[in-house]
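This briefing describes the surroundings of a bound ligand and the pocket that holds such a molecule. Please consult the sequence and the structure alongside the points that follow.

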Amino acid sequence: MGCIFCEIINRGQKGDIIFETKELVAFKDIHPKAPVHILVVPRQHIVSLVDTDASRREILGNLFSAAADIARMQGIAESGFKVVMNVGRGGGQIIDHLHVHVLGGWKEEDNRELP
Ligand code: 5GP
Ligand code: ZN
């Protein structure tokens, strides 16, 4: 059972990776819902937030602080942005590898549909 995010992380479709650390990788969403739409993904294959507990606190913290770094890098920290995590099918999660969406860069008139 292949995981597309593990493939991106391991095979490194490098063109798309915009930020990486020892624990996580960030790349552009293939179907962007905003002018800036980046996915932040732990290297470790964790299915969803429900598969985390206190032992994964550090990974979860790293995802959010990377989201802030990425927002600064992408020039959307000042204007503001959204950080979205979908959990399970009912929560809109399609890819079963934990991730956060970083969305921003809208103009006033843009529709702000969430992933
Ligand atoms: P979810 O609904 O699981 O929170 O979001 C999964 C996101 O992954 C979607 O926004 C979708 O566009 C994106 N996505 C799906 N397949 C690929 C892929 O192969 N490459 C990239 N870069 N993004 C993908
Ligand atoms: Zn995976």
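**Ligand 1 and its pocket**

The shell around ligand 1 draws at least two residues from each of α1 (4–12) and β2 (24–28). The model is a predicted one. Ligand 1 occupies the largest pocket, and this pocket has a volume of about 470 Å³.

**Shell around ligand 1**

- There are 16 residues around ligand 1, and those that come nearest are Lys 28, Asp 29, Gly 92, Ile 94 and His 99.
- With 3 residues, α1 provides the largest share of this shell.
- By class, the shell around ligand 1 consists of 8 nonpolar, 6 polar and 2 charged residues.

**Polar contacts and cover**

- Gly 92 places a backbone N or O atom 2.7 Å from an oxygen atom of ligand 1.
- Ile 95 also takes part through its backbone, where a polar atom is 2.9 Å from an oxygen atom of the ligand.
- His 99 contributes through its side chain, a polar atom of which lies 2.7 Å from an oxygen atom of ligand 1.
- On its own, ligand 1 has 530 Å² of accessible area, and the protein covers 86% of that area.

**Lining of the largest pocket**

- The largest pocket, with its volume of about 470 Å³, is lined by 21 residues, of which Phe 5, Asp 29, Ile 30, Leu 39 and Ile 95 are the closest to its centre.
- Two or more lining residues come from each of the elements α1, β2 and β3 (36–42).
- The largest share of the lining, 3 residues, belongs to α1.
- The lining comprises 9 nonpolar, 8 polar and 4 charged residues.

**Residues and elements that recur**

- Asp 29 is among the residues that come nearest to ligand 1, and Asp 29 is also among the lining residues closest to the centre of the largest pocket.
- Ile 95 is likewise one of the residues closest to the pocket centre, and a polar backbone atom of Ile 95 is 2.9 Å from a ligand oxygen atom.
- Helix α1 gives the largest share of the ligand shell and the largest share of the pocket lining.

Key:
Residues numbered from 1 in each chain as written. Chains lettered and ligands numbered in written order. Predicted model: local features only at pLDDT ≥ 70, side-chain atom pairs only at ≥ 80, totals over all residues. Heavy atoms only, no water. Near = heavy atom within 4 Å. Polar contact = N/O pair within 3.5 Å; in protein donor to acceptor, adjacent residues only side chain to side chain. Areas by Shrake-Rupley, 256 points an atom, 1.4 Å probe, with all protein chains shown as cover. 1 Å grid on protein atoms, 1.4 Å probe; cavity = no way out; pocket = protein on both sides within 12 Å on 5 of 7 lines; lining within 4 Å. Sits in = over half its atoms within 2 Å of the grid points. Helix = DSSP H or I, 4+ residues; strand = E, 2+ residues; numbered from the N terminus. Nonpolar A, V, L, I, M, F, W, Y, C, P; charged D, E, K, R; others polar. Points joined across faces, edges and corners; volume = space filled by probe spheres on them.
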